[in-house]
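The exercises below go through one protein structure step by step. Look at the sequence and the model before reading the solutions.

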Amino acid sequence: MTEDDIRTQVAPHQHKLGGTIHALHQLMRAYGYIHPEHLPVVADVFNISVAEVRGIVSFYEDFKTHPPAATTIRICQAEACQAVGSRELTKELETAYQTKLGRRGNDIELEAVYCLGLCATGPAVQVNDRLIAKASVEKLQVPG
Ligand code: FES
């Protein structure tokens with residue numbers, strides 16, 4: 001990844017409303033995460049400080065600053081899913097994959113999310129790009 005590669009990803013968003021956010025999403029799509037080398041390029045293109053870019057990246061949970069795990073399991077922690085067992089499911093998944101919510105285990109990362117749009121059929125979980133309603137450990141079928 002060269003500076004020119006990064007600039008090629010970022011520059012098309014320079015004059016858009018909310019362009020910095022669009023540019024960071026583009027870097028996530030292209031590289032899977034925001035690398036420290038991305039920050040000064042984004043800052044330069046948008047004429048803001050590196051600290052401002054870092055602040056945006058740290059504020060939004062969707063912007064990752066480490067390479068993604070092979071499997072990311074996002075477990076809804078919002079009220080409707082809590083009412084039907086998302087906290088218990090979270091504990092079961094932590095035990096099954098020997099990791100904790102917000103930490104990365106053996107190629108599996110468990111993340112909290114606050115609504116996946118499946119409120120009536122919770123607990124809701126997203127495994128990489130796949131949405132799962134009425135989720136259970138058995139239903140996820142993720143290699144551990
Ligand atoms: S509250 Fe869990 S999907 Fe909406």
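**Exercise 1: Domains**

The domain assignment, automatic or from a database, gives the protein domain 1 (3-59) and domain 2 (71-137). The model is predicted, so local features need pLDDT of at least 70 and side-chain atom pairs count only at pLDDT 80 or more, while totals for chains, interfaces and linings use all residues. Residues are numbered from 1 along each chain as its sequence is written, and side-chain values use heavy atoms, with hydrogens and water left out.

Task: State what distance separates the centres of domain 1 and domain 2.

Solution: Taken over C-alpha atoms, the two centres are 29 Å apart.

**Exercise 2: The largest pocket**

Task: Describe the lining of the largest pocket and find where the pocket lies with respect to the domains.

Solution: Begin with the term. On a 1 Å grid over the protein atoms alone, a pocket is an open set of points with protein on both sides within 12 Å along at least five of seven lines, and lining residues have an atom within 4 Å of a point.

Next, list the lining. It has 16 residues, and Met28, Gly32, Asp62, Lys64 and Thr72 lie nearest the centre of the pocket. Helix H2 (19-31), strand E1 (71-76) and strand E2 (108-113) each give two or more residues; helices (H or I, at least four residues) and strands (E, at least two) are DSSP runs, numbered from the N terminus. H2 gives the most, with three residues.

Last, place the pocket. Domain 1 and domain 2 both contribute to the lining, so the largest pocket lies between them.

**Exercise 3: The nonpolar cores**

Task: Find which residues have the most contacts inside the largest nonpolar core, and which element gives its largest share.

Solution: A nonpolar core is a set of buried Ala, Val, Leu, Ile, Met, Phe, Trp, Tyr and Cys residues joined through side-chain atoms within 4.5 Å. Buried means under 20% relative accessible area, exposed over 50%, partly exposed in between (1.4 Å probe, protein chains only).

The largest core has 17 residues, with the most contacts inside it made by Val10, Leu24 and Ile34. Helix H1 (3-10), H2, H3 and H4 each give two or more residues to this core, and H3 gives the largest share, six residues. A second, separate core has twelve residues, among them Ile73, Ile108, Val125 and Ile132.

**Exercise 4: Ser49**

Task: Is Ser49 buried, partly exposed or exposed?

Solution: Ser49 is in the loop between helix H3 (38-46) and helix H4 (50-59). Ser49 counts as partly exposed because its relative accessibility is 32%.

Key:
1 Å grid on protein atoms, 1.4 Å probe; cavity = no way out; pocket = protein on both sides within 12 Å on 5 of 7 lines; lining within 4 Å.
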